[in-house]
Structures are given as C-alpha cells and as structure tokens.
Amino acid sequence: MKLPRFQRTIASAVRIEGYGYWSGEDILVEFSPAPPNSGIVFTRTDLPNVSPIPANVDYLIEVPRRTSLARGGARVEMIEHIMSALAGMWVDNCEVRVSGVEMPALDGSALPFVEAFDAVGYEEQDRRVAPIEIRDVFELVAPARKRKIAVSPSELDALELSFEVDYGTTCAIGRQKVQFVLTPEVFRREIAPCRTFLTDREAGKILAAGLAQRATYQDLLVFDSNGPIDNSLRFQDECARHKVLDLVGDLALAGRPMAAKIVGSCSGHDLNVRVVQKILALESM
C-alpha cells in the first residue's frame, strides 16, 4: 500500500511482561488503542503525577546504545523495538503504559510485540495519515567505521530501506546487505524476527561495567570468531536485518510515516535520529 493511507490503532489492549537488558528489572507493558491523530505516547505507571511522553524526537535524550526519551521527571529507555513494531505494523496511534524505565528485551527482536498486536487485531480509523514526503537528497556521515545514511525521495511513495553492515573478514558477522520496501507483511516476515547482536568483546565490556547481568546467550546474538555463541541464526543476514529493525523504530520518532528511500551503512541510533532531525528541519523550511 502506498502513502497516504488511513491511520490505524490496535483493536484492544494487550500486555507483555519481560525484563530489561541493561537493568535486569522486570517490567510490564500495556498497549492500548488510541484515537486518531494522538500518535504513540508512553506513560510511566510507576511514577505519580508525571506527564506522558510523546514518541517524538523532540523528547530524545542521549543514552549509549539505545533510544530513549524523557519529559519532566519521567523517561523511557530502549524504546526502539517497540517503536519499530508499531511503525512496521502501521500502528499510528497507541498508548504504551509501562511499569518502569527500560522496555522489556524479550528475545531481542520485535516479533513478540508484533505477535501481541496480531493477537488482538488492528482497527482502521477515519483519518488519513499526513506522510512526510522527502523531496531533498542528503547524506549524513560519522567518521567512525564509515558510518553514513543517505536519504532521497521514494519513487514508490513508500519507505524504502537498505542497510549494510561490515565487520571485516576477522569477525563472523562479516559483511551483510539487505533492502526492503516496508509494509506490515514484509515487516512481520522479514524484519521483526531479527535479534539484537554484538561481539563477544563488546559483551565483555558491558558485563564488566556491571550491566546486563541477567541476559544470556539465548536472549540475543553474541558473536565470537565462529558465529553466535550457544545460539543459531534465523537468517544468514540477521544482523543487517536487525539494523533495519532499529532504523524503522528510530525513524518513527518523526511522529508520522514517511515516503523516502533511505540507505544506511554501519550506522547506529545516534546517526538514525540525526537523520530524523534533518528530515523534520527540511520539512519546516
């Protein structure tokens, strides 16, 4: 389906329980239907008298290795998989009520969220989306590891995504490249199942810092020189696909779907959100 389309929400409330990678704390998330034009909003149920946090780049805060938002005295961290599941399934309006700061990691992918939404179904609403239509061509580059993202108009009136990771010849991740035209069907089948990954060296540093003590090799993909440790791949290019998953979630912080062709190379959350900021700045000119 090309943009524009009608807005969607989920048909009824659904809950998911899990724990956060970084904190190890248990958390309950409840997704509820929301009216047209309300967008995605996070509400901290464990904090009294705090304002809801719109899922918008204006509320972004810098937290290493994960996308996080804050408003007033409340914040939510590692929202990218939830945002990706909502955006990938074209859920435009939803209240996300959470019992703590960090979203549950589950299996490291967006699939459990998609399955929860599928279980309750979707409701088409009587308002059309107001998509962001990219008319400019630009590229943002970060110096480390040839990290860059190029943005240009879509000839398909859709979100076209390409991504490449390149860990060289000495790492089992190697070089991977994927591309997709985003629809709920493509997201559910090709992107949502793909899990968080890192190298064993990166994992060692995180554990040494006292973080992620509850996570196991079955909760995400940790690569040594031979491949994932005590785990198996769902796709040979699962790492590049997960980078697309993250990119979809970060792009959703624009607050509206977009028609664009986006090509990423070795980028992370920091560069992804800079692209969102640039897109919104160009649209306002």
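**Close-up 1. The largest nonpolar core of the predicted model.** This core has 72 residues. Those with the most contacts inside it are Phe-31, Phe-42, Val-96, Phe-187, Leu-251, Met-258 and Ile-262. Helix α5 supplies the largest share of the core, 7 residues. A second, separate core has 11 residues, among them Met-78, Leu-198, Ala-203 and Leu-220.

**Close-up 2. Surroundings of Phe-31.** With neighbours within four places in sequence left aside, Phe-31 is in contact with Ile-10, Ser-12, Ala-13, Val-14 and Ile-16. Its other contacts under that condition are Ile-82, Cys-94, Glu-95, Val-96, Phe-113 and Phe-117. Of these, Val-96 is also listed with Phe-31 among the residues with the most contacts inside the largest core.

**Close-up 3. Packing of helix α5 against helix α6.** The axes of α5 (residues 238-251) and α6 (residues 269-284) come within 9 Å and cross at roughly 40°, so α5 is oblique to α6. The crossing is right-handed. From α5, Asp-246, Leu-247, Asp-250 and Leu-251 make the contact; from α6, His-269, Asn-272, Val-273, Val-275 and Val-276 do so. By type, the contact residues divide into 5 nonpolar, 2 polar and 2 charged.

**Close-up 4. Arg-66 in strand β7.** Strand β7 spans residues 66-71 and contains Arg-66. The relative accessible area of Arg-66 is 14%, so this residue is buried. Not counting residues up to four places away in sequence, Arg-66 touches Trp-22, Glu-77, Met-78, Glu-80 and His-269. Among these, Met-78 belongs to the second core, and His-269 takes part in the contact of α5 with α6. Gly-108 lies 42 residues from Arg-66 in sequence and 13 Å away in space, C-alpha to C-alpha.

Note on methods. Residues numbered from 1 in each chain as written. Predicted model: local features only at pLDDT ≥ 70, side-chain atom pairs only at ≥ 80, totals over all residues. Heavy atoms only, no water. Axes fitted to C-alpha atoms, helices over the stretch in contact; angles between N-to-C directions. Helix = DSSP H or I, 4+ residues; strand = E, 2+ residues; numbered from the N terminus. Parallel < 35°, antiparallel > 145°, perpendicular 65-115°, else oblique. Left-handed = near helix turned anticlockwise from the far one by under 90°. Contact = heavy atoms within 4.5 Å. Nonpolar A, V, L, I, M, F, W, Y, C, P; charged D, E, K, R; others polar. Core = buried A, V, L, I, M, F, W, Y, C linked by side-chain atoms within 4.5 Å. Buried < 20%, exposed > 50% of the residue type's maximum accessible area, 1.4 Å probe, protein only.
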